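Work through the exercises below with the coordinates open, and try each task before reading its solution.

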Amino acid sequence: MAVAIVRAREIIERAEQGAREKAGSCEVEVLNYLEAIKKSGLSKSTITSRRYVLTSLIEHLGVKSPTSITRSALQRWFDKHRERNPHTAVSYLNIARFWMKWLVKTGRINRDLTKDVEIPR
């Protein structure tokens, strides 16, 4: 059983390393994402709003690469906005979720960590 656990960890580590090598800087990945959603026909105001939220997210997190984002950092970012306005915080988290889903879909990261952010009811 211990061998299986070690083997599983090796596989996960290799997959994460591959994702780290694929992902560019947060700024580049936000721009790539915005270009991709422009092609899908979203309005200019929606794209502007997403740019604002994602730029503030990466500034708050202080990370260089999407692979460096942690669930706990996302939770702190969400909680900070929730203190000001709970509805805005959920909207911002949804924008972060759209970006992270795109990052997963394009193979830049392995997992959407926004799913793990706790949203009080």
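The exercises go from the whole chain to its core, two of its helices and a few single residues.

The model is a predicted one, in which local features need pLDDT of at least 70 and side-chain atom pairs count only at pLDDT 80 or more, while totals for chains, interfaces and linings use all residues. Residues are numbered from 1 along each chain as its sequence is written, and side-chain values use heavy atoms, with hydrogens and water left out.

**Exercise 1. The whole chain**

Determine which helices and strands the chain has, and how much of the chain is buried.

Step 1. With helices (H or I, at least four residues) and strands (E, at least two) taken as DSSP runs numbered from the N terminus, the chain has five helices and zero strands, in the order α-α-α-α-α along the sequence.

Step 2. Taking buried as under 20% relative accessible area, exposed as over 50% and partly exposed as in between, with a 1.4 Å probe and protein chains only, one finds that buried residues make up 35% of the 121 residues.

Step 3. The exposed surface of the chain is about 7700 Å², and carbon and sulfur atoms supply 54% of it; these areas come from the Shrake-Rupley method with a 1.4 Å probe, where for residues only the protein chains shown count as cover.

Step 4. Where contact means heavy atoms within 4.5 Å, residues 24 or more positions apart account for 62% of the contacts with a separation of 6 or more.

**Exercise 2. The nonpolar core**

Find which elements give two or more residues to the largest nonpolar core.

Step 1. A nonpolar core is a set of buried Ala, Val, Leu, Ile, Met, Phe, Trp, Tyr and Cys residues joined through side-chain atoms within 4.5 Å, and the largest one here has 29 residues, with Tyr33, Leu54, Leu57, Leu61, Leu74, Trp77 and Trp99 having the most contacts inside it.

Step 2. The elements that give two or more residues to this core are α2 (26-39), α3 (44-61), α4 (71-84) and α5, and the largest share, nine residues, comes from α5.

Step 3. Leu54 can serve as an example, since its contacts, not counting residues up to four places away in sequence, are Val30, Tyr33, Ile95, Ala96 and Trp99.

**Exercise 3. Helices α3 and α5**

Compare the span of each helix with the span expected at 1.5 Å a residue, and find what covers its buried residues.

Step 1. The expected span is 1.5 Å times one less than the number of residues; α5, with 20 residues, reaches 28 Å from its first C-alpha to its last, close to the expected 28 Å, and α3, with 18 residues, reaches 26 Å, close to the expected 26 Å.

Step 2. The buried residues of α5 include Ala89, Tyr92, Ile95, Ala96 and Trp99, and their cover includes α2, α3 and α4.

Step 3. The buried residues of α3 include Ile47, Arg50, Leu54 and Leu57, and their cover includes α2, α4 and α5.

Step 4. At the ends, α3 is followed by Gly62, with a positive phi near 65 degrees, and α5 by Gly107, with a positive phi near 80 degrees.

**Exercise 4. An aromatic pair**

Classify the ring pair of Trp77 and Tyr92 from the distance of its centres and the angle of its planes.

Step 1. Rings of Phe, Tyr and Trp (its six-membered ring) pair if their centres lie within 6.5 Å, and planes under 30 degrees apart count as stacked, over 60 as edge-to-face and the rest as tilted; by this rule there are two aromatic pairs.

Step 2. The centres of Trp77 and Tyr92 are 6.4 Å apart and the planes stand at 20 degrees, so the pair is stacked.

Step 3. Because Trp77 lies in helix α4 and Tyr92 in helix α5, the pair ties together parts that are 15 residues apart in sequence.

Step 4. Trp77 counts as buried at 1% relative accessibility, and Tyr92 at 17%.

**Exercise 5. His81 and Ile37**

Decide whether His81 and Ile37 are buried or exposed, and list what each touches beyond four places in sequence.

Step 1. His81, in helix α4, counts as buried because its relative accessibility is 11%, and it touches Ala89 and Tyr92.

Step 2. Ile37, in helix α2, is buried with a relative accessible area of 8%, and it touches Leu42, Ile47 and Arg50.
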